[in-house]
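Biologist: I'm new to this structure and would rather get to know one part properly than skim the whole thing. Pick a place where chains meet and take me through it closely, then show me what surrounds it.

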Amino acid sequence: MAETRVEVAEGPALVLAGYDDEPLTSLAAYRAAGGYDQLEQARAQDPQAVIQELIESNLRGRGGAFFPTGRKASFIPTPDKIAKPIYITVNADESEPGTFKDREIMLKVPHRLLEGCLIAAHAIQSKQVYIYIRGEYSREYEVLQAALDEARNAGLVGGVDIVIHRGAGAYICGEETALLESLEGKRGQPRSKPPFPAISGVYAAPTLINNVESITTIPPILAVGPAEFAQIGSPPDSTGTRLFCLSGNVERPGVYEAPHGITVRHLIDDIGGGVPGGHTLKAVMMGGSSFPVMTPDDLDTPLDADSLGKKGYFIGSGVVTVIDERSCIVQFALRVAQFYMHESCGKCTPCRVGTRWLVQLMRAVEDGTASERDLDLTLDVCDRIIGKCLCVLGDSAAMPVASCVTKFRDEFRAHLEHGGCPFGGDSQLAGLFAPVDQHAHSAVPQEALV
Amino acid sequence: MSTPELVRVQIDEREVHVPKGTGLIETALAAGVEIPVFCYEPRLGEPVGACRMCLVEVEGMPKLQAGCTLTAQDGMNVKTARTSQQAAEGQNATLEFILVNHPLDCPVCDKGGECPLQDLTFRYGPGNTRMSFEKLTFEKPIPISPTISLDRERCILCYRCTRFSESVSEDLQLIAANRGSASVITTFEDLPYKGAFTGNVTELCPVGALLPTQYRFEGRPWEIVDVPTVCGLCPVGCNVNATVREGKVKRILSRNHPEIDEGWICDKGRFAYTHLRAGDRLAQPLQRQRRHGLEEVSWEQALDEAERLLREARGRVVTVLSGSETVEQAYALGKLLRVGLDSHQAMLPEEVSGALDAYRLPLSAIREADVVVVLGDVPVVERAPVVDLWIRSARRNGAKIVDNTNDPAVAEAERVVLVWSGPGGRGGATVAKLAEKLGLAEREGCGAFHLQETPNGRGVADAWAACCDEEAEVADSIGLLVVSGDEAAADENVRALAEQAEATIVLSMFGGLAAGWADLILPGTGYLERDGTFVNLEGRLQRLRRTVEPPCPDELEWISQLAARFGVDVAPYAAGVFAEVSERVYGGISFGEVGERAPLRGYPDAQEHVAREPLPEPQQKPKRGEIRLVAYKPLFSGAAVERVTELQFQRPQAELELSAEDARRRKIATGDLVTVGSNGSAITLPARVNRRLRAGIARIALEHADGLAGVVEVAKADEVVSA
Amino acid sequence: MTSFYDEVQELRARYPEGTRSAILPALRLAQEKHGWLSRRALEETAEALELTPAYCYSVASFYDMLHVEPIGQHTIEVCTNVCCGLVNAQAVLDAFEQELGVGPGETTDDGEITLRAVECLGGCSTPTIVAVDHRYRQSVTPEDVPSIVADVRGG
């Protein structure tokens, strides 16, 4: 089937409220579903009051960092305290493997995103919003721009300038400070923090940065009331509903809105229809490719930050990708390592060098030329990356690879003993060609690649 | 000014008190603790925390922190590799990662022995490698210019060089391309890294990736001596170290005077030293013999001839000075000619004035200014390159840079600095008058600079004036013209003067310049071969040191001998001559007291200067629709630069710079051929539109101007032909 | 018809004065105009932005969608990341390679089509995603490949 499955799996419908197979792309349709009512109400309130409501809801960032949105907004200085303009940047650079929810938000409920932006703008008294959308999302850009034009023509923006700024293909630009650098017209390399964007963000001015889903959740929060929202899901920390991204070897992949706290198993089996074709679940890419993989014995973990955290997992961007027994885990680790090598910005030493070294190590394991010592070396290299880099991309490369080597050590060993992949080319991920092997930049001779 | 708040910081087992906000690297240094760094360099702007070499443990923070990005806070407790296993591991890891792809080039790398990577690896790094795969390899070395070589395999991507290009020289030519482990440092396509400051990246680079081509394989650190001296090629007087091996200057490095150059030097000062060994460098005097032309003679013969010529021309000797003589040379020559031969007339290529003494500031004060007024139409970078860096630094620091004193920002500002960058300027009198009108005297952080054309014009003028108290009488004919220095020897006006003179003696380093018209040529020394003093455009007296022996005697030696023949006592060595000058001009300080990093002293005892007709001040405001041609002496010009092969690519193109408005009015675009003419003579050359140039001004490098000056007609070349 | 220079000034006007934010949209525009970011394209862009070609190259070469090497008139980009990879990404890529006669990263001899493998395009529940001239085709199978190529070739 060609269209993405986008459903409210379990209520209440908040982010996807009013969406019922009919996209709420038109202003009229959105309004009919109660759209822009919250904006009107919010504008009647004191900006501080709106921030308070966000804090009360305990909405956490849906992009992966899970930082309290209200608290972040409270860090922004008020205009009387600072001479510079106040900015909002919306992170629509969704590029984490396994994530596709922000895309669906922009295609299906773009006006809700815009309403969220305008409420946030009122709350922190900002007059300028930049929506940084990944370059690959062309249709999404068009839909969003059309919605924006509609909203503007209807006089809804209230003096706030919203600019949709298209990226040009770089995963790292989803990292908040790298996004700011890219927006400023530079290479998308992250900055050291402090200073934090709330004080010195884009153009060295106070900036609020939020993920698309986070912003889009704001109108629904105000609609049901922050206290109510805070009761949904797994209070006190993982409140409300969120959009989970189910994919991989599963019967019904798609975007599902559900409260925090449903278990991984519930999502995969009950909502997702389970692993098809009589196959068995081998691993779950949990939260995105940037985190430790989940083994089958942990499937009953509730999908909330706390429960996952206790087991060493991350909720990330709500990704649950099912991998069944037909896939070689070494190939998975290799492909993930190749992704980070390709996407590393190159600014800091451990990530720039370490991501390439991990690819070389994983390739050697897959080819059967590695030794047991190389497995320990891999873990040590991961250890030497984690916590030492300028941003979390390094950790994002090291954590999944280290988790594979640790949790599937036997499978890695089997490669060494076998002198190659025991799947013999039959694995689903066999021979998967990674973009990192096709760089065509003139200054880099072939030897520079792995 | 209030005392800054001090905070207490614990570094390892030591406690230290530093002003709040001090960078952690400096805080550790204050406690005597090293935190190793690569990418950290305060002169490049805010710390970036890229290399991860400076990882330290900070109490209260779960992860290791990049120390360079932190500032001292009260109660901070920091553990470096010395006392923290975690930090030591982290730093070891950084070095291991750096070395994973670093080639084993030490035996053939010029950086070896003065290499931070080597040093830090010994101190904090692993003793062996665990990397068994293929390293990243590149074609190497690549010349990114005739003067700089790039080795991408050695590069550790600390981004110091690209940050310099972006945030210091602001030329945006040296950049990083690609992403991740495929990142490389490069220029655009095959274009060389061209500009006044490119060589600084070779000093910034902490490994042997960016190295000066001139120094390739020239010496190891234990075979060389770095001699501290001062650059004598422009009036900034950057402090430098001359790297000397076996009696030859092999390299020039910055010596960092925080008030003058902050550790930067321009490419002329850095790379032009090979002029000392130019093919036409003179070692022996040349005397014109009838029907034989110039022939080598001994010094004995040369001095005899000089004596003869001087005696014949008593009272009618005219001296042309280049302004690149040391104070001592000028004084000695002056004493010989004024006291010994009653010839007081001397000419400098520019006016010199003491009017600015009331508005003296160190160059570093430019950075702290609120407003910098840059007056005049000669680009600052061509006259006094490092001053251009200070002005850019001021702009980045929040200063407004304006081009006229009537700008409202000037009246509102507390710290105002004026910079006059030719043409004209009455030796500083003009800008001093402006400073006076603005009431800048006695105001903190306020002052004025006049960018001279000569490196030591002020020093030379003071010395000439100080050596004798008698008045100068203008002779009605030139019995003997003494031309001092290559700049003067190359000057067409001086050559014209020589034709009027009955005889000419030229003091120069290179034979070619005066071969056609001098009667006696005495070989001269370069600034790297002299002991002596210079006065820079700040009015700062600085000490030059002889770094290598010249191929000929020092000027003071033979001037002293010659002076003796006329009963004048001149010491044959710099300290001795300086003692005399100092009495009169510099408050009596001794030669040794001038200092390695000289402070900016005033010198209230300076007398009035070389009395001369003031040059007519060039008209400042061109009339509407008119274009005034400014022919300026480019940075990369002159006898020294002409003899350095590697610097020829830096020579200015033959082109006419036009303002956007003037170009538009004449329908001229960049690249179009234009004709520039005045008083019957004209030249044709390509135009280049400069949006920053003000209307009514056109600029051209002096060597391409073919004598054109003043108000000119400019038109598209084909139009003129058809008319 | 507005010139490239003027169009870039319009882009610049969207952002605060003195900032470089217009560089990404300007480079995209230049790439559309020139086909790829050639020397000339970068020089024009630099001129319009008051920056240097080197700086423009530095930014362009950082991003995957900006091409500093010649590229075909059309691009066919196949996601080969994990989620599509688990289902059929390599088979789809192989099918394109077969149909076009070029490997990933290469351009057909007639300069028409460049085939590329790309990272996650954000369509993970409908593998394999193929971006044809940056428009997504979802749930692509190897069997769909010939018609997709015919589509592209047909214009």
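Modeller: Start with R39(C) and D190(B), whose side chains meet in a salt bridge, with N and O 3.2 Å apart. Keep in mind that this is a predicted model. That pair has company: five salt bridges turn up across the interface of chain C and chain B. Polar contacts add to the picture, with nine residue pairs between these two chains (both partners at pLDDT 80 or more).

Which elements of chain C give two or more residues to the side that touches chain B? They are α3 (39-49) and α4 (53-60) of chain C. The largest share comes from α4(C), with five residues. Sorted by class, that side of chain C has nine nonpolar, three polar and six charged residues.

Now for how much surface is involved. The contact takes 18 residues from chain C and 15 from chain B. About 1400 Å² is buried between the two chains, and carbon and sulfur atoms give 53% of that area. R39(C) shows up again here: together with A54(C) and F62(C), R39(C) supplies 36% of the area that chain C buries against chain B, more than any other three residues.

Chain C also meets chain A. That contact takes 70 residues from chain A and 49 from chain C. The buried area comes to about 4600 Å², with carbon and sulfur atoms giving 53%. On the chain A side, A168(A), R187(A) and Q438(A) supply 13% of what chain A buries against chain C, and no other three residues supply more.

How many salt bridges are there between chain A and chain C? The count is two. A salt bridge joins the side chains of E142(A) and R135(C), where N to O is 2.9 Å. Polar contacts across this interface number 23 residue pairs (both at pLDDT 80 or more). On chain A, the elements giving two or more residues to the side that touches chain C are β3 (128-133), α7 (138-153), β4 (161-166), α8 (176-183), β8 (241-248), β11 (319-324) and α13 (329-343). The largest share belongs to α13(A), which gives seven residues. By class, that side of chain A divides into 31 nonpolar, 26 polar and 13 charged residues.

Two of those elements, β3(A) and β4(A), lead us into the body of chain A. They belong to an open sheet of four strands, in the order β4-β3-β2-β5, with parallel pairing. The edges are β4(A) and β5 (207-211) of chain A, each pairing on one side only. On average, neighbouring strands of this sheet are turned by 20° against each other, direction ignored. Inside the sheet, six bridges join β2 (residues 87-92) of chain A to β3(A), and these two run parallel. If you want a spot to find by eye, look for A92(A), which stands opposite I133(A) in β3(A).

While you're in chain A, there's a salt bridge within the chain to look at: E7(A) with R252(A), whose closest N and O atoms are 3.4 Å apart. E7(A) sits in strand β1 (residues 6-8) and R252(A) in the loop between β8 and β9 (254-259) of chain A, so this pair ties together parts that are 245 residues apart in sequence. Over all chains, the whole structure has 101 salt bridges.

Last stop, chain B, the partner of chain C in our opening salt bridge. Here too is an open sheet of four strands with parallel pairing, in the order β19-β18-β20-β21. β19 (400-402) and β21 (447-450) of chain B stand at the edges with a single partner strand each, so one side of each has no neighbour in the sheet. The twist averages 15° from one strand to the next. Three bridges pair β18 (residues 371-375) of chain B with β19(B) in the parallel sense, and V373(B) stands opposite V402(B) in β19(B).

Helices lie on this sheet as well. Helix α10 (residues 385-396) of chain B lies across β18, β19 and β20 (416-420), running at about 145° to β18(B). Helix α12 (residues 429-437) of chain B packs on the sheet too, touching β18, β20 and β21 of chain B, and its direction makes about 160° with that of β20(B).

Key: Residues are numbered from 1 along each chain as its sequence is written. Chains are lettered from A and ligands numbered from 1 in the order in which they are written. Side-chain values use heavy atoms; hydrogens and water are left out. Two strands pair if DSSP finds at least two bridges between them. Axes are lines fitted to C-alpha atoms, for helices over the stretch in contact, and angles run from 0 to 180 degrees between N-to-C directions. Contact means heavy atoms within 4.5 Å. Buried area is the accessible area (1.4 Å probe) that two parts lose on being put together, summed over both. A salt bridge is a side-chain nitrogen of Lys or Arg within 4 Å of a carboxyl oxygen of Asp or Glu. A polar contact is a pair of N or O atoms within 3.5 Å; within protein, one must be able to donate a hydrogen and the other to accept it, and residues adjacent in sequence count only if both atoms are side-chain atoms. Ala, Val, Leu, Ile, Met, Phe, Trp, Tyr, Cys and Pro count as nonpolar, Asp, Glu, Lys and Arg as charged, and the others, Gly among them, as polar.
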